[in-house]
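Reader: I am new to reading structures. Can we go through some of the terms, one by one?

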Amino acid sequence: MKTSRRLFLIVGTTLFHPYLATAATLIHEYAPEVPIIFFSIATQGGAAHDPGGRQGLTQLMTQLLLRGTQSTPKDSFARALDVLGANLEIETRLDTVIIHGAVLHSEWGPFTQKVVEMLAHPAFSALELERLRAETLSQ
């Protein structure tokens with residue numbers, strides 16, 4: 001006997017928060033049988049929009065987003081995501097920046113609050129910037 005799987009796909013939802021300068025498209029899927037939500041947030045940007053002579057700036061900035069917020073240091077931010085059962089990655093493409101990952105369905109609300117905090121109040125710490133530069137140059 002074949003079992004059917006219901007899948008709900010929400011496409012083109014606008015994610016907007018008063019602290020964010022621009023809205024982004026949020027795409028996520030949810031199947032009631034699976035306790036995980038897979039999501040992507042896409043916004044215009046990317047490597048093609050880097051200023052002349054500063055290639056890689058968008059990549060650097062997006063990786064810094066994952067290194068803490070103004071109120072939550074890098075290690076605490078990573079630990080908070082772990083507690084929520086979340087995976088969060090940022091990908092810089094030519095014309096798009098994509099935030100994607102997965103989170104436990106039961107933690108969707110607290111997780112989206114962490115994502116908004118990351119986008120609206122990034123730390124952009126000078127120490128983390130130097131660490132990231134060193135990591136990038138060593139590759």
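Author: Gladly. This is a predicted model. Start with two rings: F39 is buried, and F111 is buried too.

Reader: What makes F111 count as buried?

Author: Its relative accessibility is 1%. Buried means under 20%. So F111 counts as buried.

Reader: Why is the pair of W108 and F111 called tilted?

Author: First, the centres. They are 6.3 Å apart, and a pair needs centres within 6.5 Å. Next, the planes. They stand at 35 degrees. Under 30 would be stacked, and over 60 would be edge-to-face. The angle of 35 degrees fits neither, so the pair is tilted. Both residues lie in helix 3, three residues apart, which is about one turn of the helix.

Reader: How do you know that F39 and F111 form a tilted pair?

Author: The same test applies. Their centres are 5.1 Å apart, with 55 degrees between the planes. Stacked needs under 30 and edge-to-face needs over 60, so this pair is tilted. F39 sits in strand 3 and F111 in helix 3, 72 residues apart. Ring pairs join F39, W108 and F111 into a cluster.

Reader: Which residues touch the most other members of the largest nonpolar core?

Author: They are F39, L88, I99, F111 and M118, in a core of 17 residues. Helix 3 gives the most to this core, with four residues.

Reader: Why is T58 called buried?

Author: Its relative accessible area is 13%. The cut-off is under 20%, so T58 is buried. T58 lies in helix 1. Beyond its neighbours within four places in sequence, T58 contacts G46, D50, T92 and V97.

Methods: Residues numbered from 1 in each chain as written. Predicted model: local features only at pLDDT ≥ 70, side-chain atom pairs only at ≥ 80, totals over all residues. Heavy atoms only, no water. Helix = DSSP H or I, 4+ residues; strand = E, 2+ residues; numbered from the N terminus. Buried < 20%, exposed > 50% of the residue type's maximum accessible area, 1.4 Å probe, protein only. Contact = heavy atoms within 4.5 Å. Core = buried A, V, L, I, M, F, W, Y, C linked by side-chain atoms within 4.5 Å. Phe/Tyr/Trp six-rings, centres within 6.5 Å; stacked < 30°, edge-to-face > 60°.
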